[in-house]
Protein chains: 2
Amino acid sequence: MNDTYEPPVLTVDSVIFQLLDNKLAVLLIQRTNEPFKDQWALPGGYSAAGETTREAMARVLSAKAGLQVKDLRFIEQLYTFDTVARDPRGHAVSVTYMGLSINLKPLVSENTQKPTFFSLDKLPELAYDHADIVHYALERLRSKITYTNAVHAFLPTSFTLTQLQVAYEAILGHSLDKRNFRKKIGATGLIKPTEKYYQEGAHRPARLYRFKNQTPQESVPIFG
Amino acid sequence: MNDTYEPPVLTVDSVIFQLLDNKLAVLLIQRTNEPFKDQWALPGGYSAAGETTREAMARVLSAKAGLQVKDLRFIEQLYTFDTVARDPRGHAVSVTYMGLSINLKPLVSENTQKPTFFSLDKLPELAYDHADIVHYALERLRSKITYTNAVHAFLPTSFTLTQLQVAYEAILGHSLDKRNFRKKIGATGLIKPTEKYYQEGAHRPARLYRFKNQTPQESVPIFG
DNA sequence: ACAAAAGTGTTAAGAATACACCCATGT
DNA sequence: ACATGGGTGTATTCTTAACACTTTTGT
């Protein structure tokens, strides 16, 4: 390495998913500056020397969306994009992350950039190559929930089997057979029944279940 | 973004695999500078502004190992590591790539850094967190060959079914049943028979096959 | 004729799919 | 009593896994 070394600009972009109204939704902010001024985009920003890209992601999420990274129940690095010229000053490299959680309430104020969760089937046009990044994240998520306990991030600590199935269906984008679903989810050993029931409406109460682990766990493949 | 922005140091590291002597082997170089002077490491180096990380990878491979990236038959980005302090000057971010090919001959000269292919079961101690990176790459490779045509990168354009099976076994690290292997590989539709045979030794000649596509293709999962 | 690798099919077990009725509750 | 979502089992098809002998060639 010589003394004239100039590193490229490094940025981070986050794809934050949660379920809203039984649909998968992604967090977007509205840009306040050029390029793509006023367009919707993933929350992202610069990563500086002396912080990890995860730390940069935390800082950016807090600044642009008023969300704390500690409220995310699953975080995973996705991919590093470096083909798009995102900054007029030249070549930029963007490390992307996927975050999953429940009950996220982005803070809309004059300090943030109109952070809003959009249902995946009603996405606005996105800045940069962010539509590609969302697509990539969705593929990863779909694949991830078929061999890990990653859905746990979308559900309360205890939940009914119907809630769990609805979560899978929202993410996978198609419906599942109730009996086969219960058979397979039981076979994974990822969840356990509790002694509690959830009563709502004029019908039989539903047994509540929990995930045995909140930390990432592998399992046998489930649900094509 | 303000004027005091300082990007972190950006590096690339490559995990280059090929089969040698029916075993999976990885390319290492011997470091000539501190830190980890004289230790074996993955070929890596700085990525500068104005080049993509792929271009940086090509430059570094050529400089340190005398290999041309156009001779790689499969390249894929793996993961971006940014937790290891690899440079005394501070925090560094490393984008890693996996490359696969056949008949790679690294150039050992005074300009390169003793580039050598090591069988995976005889790896020396590696600098930095490079053992982790190799392990990560191996997992990715094992998974990749079970649902894509990625093995094609390790084989000549036409090959026998036994050669193909030996390649799978070398990568997966365990042996496979010959009849079941042929049944499954046939079912993927990834390969097609040619009219040629390969004669070697005092036994029945083996039919030669080709991959239908050299470009990345998905298929049904094969070979646990 | 023998040695050496190529080639080929069947059976059994397990996994995936399709499918319909009874249960517990509130009104 | 009825409406609503919760809960359960079986039969069929498909997939996987285990396993051994015949074929073609060179010497």
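In chain A, the side chains of Asp71(A) and Lys70(A) come together in a salt bridge with an N to O distance of 3.5 Å, a salt bridge being a side-chain nitrogen of Lys or Arg within 4 Å of a carboxyl oxygen of Asp or Glu. Asp71(A) is partly exposed at a relative accessible area of 37%, whereas Lys70(A) counts as exposed at 67%; here buried means under 20% relative accessible area, exposed over 50%, and partly exposed in between, with a 1.4 Å probe and protein chains only.

This is a predicted model, in which local features need pLDDT of at least 70 and side-chain atom pairs count only at pLDDT 80 or more, while totals for chains, interfaces and linings use all residues. Residues are numbered from 1 along each chain as its sequence is written, chains are lettered from A and ligands numbered from 1 in the order in which they are written, and side-chain values use heavy atoms, with hydrogens and water left out.

Over all chains, the count comes to 15 salt bridges, including the three pairs tabulated here.

| Acidic residue | Basic residue | Closest N and O atoms |
|---|---|---|
| Glu51(A), 12% relative accessible area | Arg59(A), 40% relative accessible area | 2.7 Å |
| Asp71(A), 37% relative accessible area | Lys70(A), 67% relative accessible area | 3.5 Å |
| Asp71(B), 36% relative accessible area | Lys70(B), 67% relative accessible area | 3.5 Å |

In the pair formed by Glu51(A) and Arg59(A), Glu51(A) is buried and Arg59(A) is partly exposed. In chain B, Asp71(B) is partly exposed, and its partner Lys70(B) is exposed. Elsewhere in chain A, Glu76(A), Arg140(A) and Lys144(A) are linked in a network of salt bridges.

A patch of positive charge on the surface is made up of Lys178(A), Arg179(A), Arg182(A) and Lys183(A); such patches consist of residues with over 30% relative accessible area and no salt bridge, like charges being joined within 9 Å and nonpolar side chains (Val, Leu, Ile, Met, Phe, Trp, Tyr) within 5 Å. Lys178(A) belongs to helix H4, residues 178-188 of chain A, where helices (H or I, at least four residues) and strands (E, at least two) are DSSP runs numbered from the N terminus. Lys178(A) is exposed, with a relative accessible area of 51%.

In chain B, strand E5 (residues 74-81) is mostly covered, with 6 of its 8 residues buried. E5(B) pairs with strand E6 (residues 92-100) of chain B in the antiparallel sense over 7 bridges, pairing requiring that DSSP finds at least two bridges between the strands. Within this arrangement, Thr80(B) stands opposite Val95(B) in E6(B).

Note on methods. Areas by Shrake-Rupley, 256 points an atom, 1.4 Å probe, with all protein chains shown as cover. Lys, Arg positive; Asp, Glu negative; His and termini not counted. Charge placed at Lys NZ, Arg CZ, Asp CG, Glu CD.
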